[in-house]
Amino acid sequence: KIPYNSEKAVKAAGQIISFIRKESDIASVNLAKERGVFQNWEESIYNKKSKYFKGKHLELRNATRLTLAPTGSISIIANTSVGIEPLFALSYVRALEDGTELLIVDKNFKEALEKRKLYNSDFMKYIAKKGTIQGMQSIPKDIRSIFVVSYDISPEYHIKIQSAFQKHVDNAVSKTVTLPTTATVDDVKNTYMLAYKMGCKGISTYRFGSRPDQVLFLRDVKEEQINLTNWLKNLR
């Protein structure tokens, strides 16, 4: 129940990944005791005798322990979250390589609405056209603040979250900054420069709608004509 675009989320991200880093280092140290250190350890940043030493002397089995890889399709198969990415949308259509289209609804969002007795299956289809609920006054403010989607979030907070993870990750972090259709060349430039200044090893940006066939997209749901006028009036 922490909004993605908040300092509280940035702090939580740092705490989570620092714990994972600590545990992965411990596991690698234990493996080194059994199997020996990794090749070229003597010239690594972990050996005090090396000119590359950075002040943390560890005998490790693995030269690097952590990375954050892309998890788009994998997360759908495993029915988990998409790693450190914010939600693309609360309800959306996902196009697979074979042309199949899947209507995806975030299960946590569904549960939150059900608890308030606000859930309606047609509403999910309506949101599939919008993707975001930020302009929907009929939805309680606390739900709107938590269930933000990628293009509700400023590039600054996209990068702050990535940077919080990058500080404790050896390799690169897979993360995409979703920019609105109105994003300019300078907006893209500023996003990359901010990522550089905050220590990210790489950054991806995507200007929403810039490709005719994007993997995730919002549009009318084909199956039914959606009429929510009366239902939304009742919510108010």
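Contact here means heavy atoms within 4.5 Å. The legends below describe a predicted model.

**Figure 1. Overall fold of the predicted model**. The protein has 8 helices and 5 strands. Starting at the N terminus, these elements follow the order α-α-β-β-α-α-α-α-β-α-β-β-α. Of the 236 residues in the protein, 38% are buried. When contacts between residues at least 6 apart in sequence are considered, 65% of them join residues at least 24 apart. The accessible surface of the protein is about 14,600 Å², and carbon and sulfur atoms account for 52% of that surface.

**Figure 2. Asp170 and its surroundings**. Asp170 sits in the loop that runs between helix H6 (155–166) and strand S3 (176–179). Its relative accessible area is 11%, which is under the 20% limit, so Asp170 is classed as buried. Apart from neighbours within four places in sequence, the residues in contact with Asp170 are Arg21, Tyr46, Thr64, Arg65, Leu66 and Lys201. For one of these, Leu66, the backbone nitrogen is reached by the side chain of Asp170 at 2.9 Å.

**Figure 3. Helix H6 and what covers it**. Of the 12 residues of H6, 10 are buried, so the helix is largely enclosed by the rest of the structure. The buried residues of H6 are Tyr157, His158, Ile159, Lys160, Ile161, Gln162, Ser163, Ala164, Phe165 and Gln166. H1, S3 and H7 are among the elements that cover them. The length of H6 agrees with expectation, because its 12 residues should span 16 Å at 1.5 Å a residue and its end C-alpha atoms are 16 Å apart.

**Figure 4. Helix H7 and the residue Gly199**. Helix H7 covers residues 185–197. Its 13 residues should span 18 Å at 1.5 Å a residue, and the end C-alpha atoms of H7 are 18 Å apart, so the two values agree. Gly199 comes just after H7 and has a positive phi of about 85°.

**Figure 5. Asn40 and Lys117, two loop residues with positive phi**. Most residues other than glycine have a negative phi. Asn40 is not a glycine, yet its phi is positive, at about 70°. Asn40 belongs to the loop between H1 and H2, and its relative accessibility of 55% counts as exposed. Lys117 is likewise a residue other than glycine with a positive phi, near 60°. Lys117 belongs to the loop between helix H3 (107–115) and helix H4 (121–130). At a relative accessibility of 78%, Lys117 is exposed, because the class begins over 50%.

**Figure 6. Lys54 in the loop between H1 and H2**. Lys54 is placed in the loop that joins helix H1 (7–35) to helix H2 (72–78). With a relative accessible area of 69%, Lys54 is exposed. Ser44 is 10 residues from Lys54 in sequence, and their C-alpha atoms are 9.3 Å apart in space.

**Figure 7. A nonpolar surface patch that includes Phe19**. Ile16, Phe19 and Ile20 make up this patch, which has an area of about 280 Å². Phe19 is part of helix H1. An α-helix has 3.6 residues a turn, so residues three or four places apart point the same way.

Conventions:
Residues are numbered from 1 along each chain as its sequence is written. This is a predicted model: local features need pLDDT of at least 70, side-chain atom pairs count only at pLDDT 80 or more; totals for chains, interfaces and linings use all residues. Side-chain values use heavy atoms; hydrogens and water are left out. Helices (H or I, at least four residues) and strands (E, at least two) are DSSP runs, numbered from the N terminus. Buried means under 20% relative accessible area, exposed over 50%, partly exposed in between (1.4 Å probe, protein chains only). A polar contact is a pair of N or O atoms within 3.5 Å; within protein, one must be able to donate a hydrogen and the other to accept it, and residues adjacent in sequence count only if both atoms are side-chain atoms. The expected span of a helix is 1.5 Å times one less than its number of residues. Patches are made of residues with over 30% relative accessible area and no salt bridge: like charges are joined within 9 Å, nonpolar side chains (Val, Leu, Ile, Met, Phe, Trp, Tyr) within 5 Å. Accessible areas come from the Shrake-Rupley method with a 1.4 Å probe; for residues, only the protein chains shown count as cover. A salt bridge is a side-chain nitrogen of Lys or Arg within 4 Å of a carboxyl oxygen of Asp or Glu.
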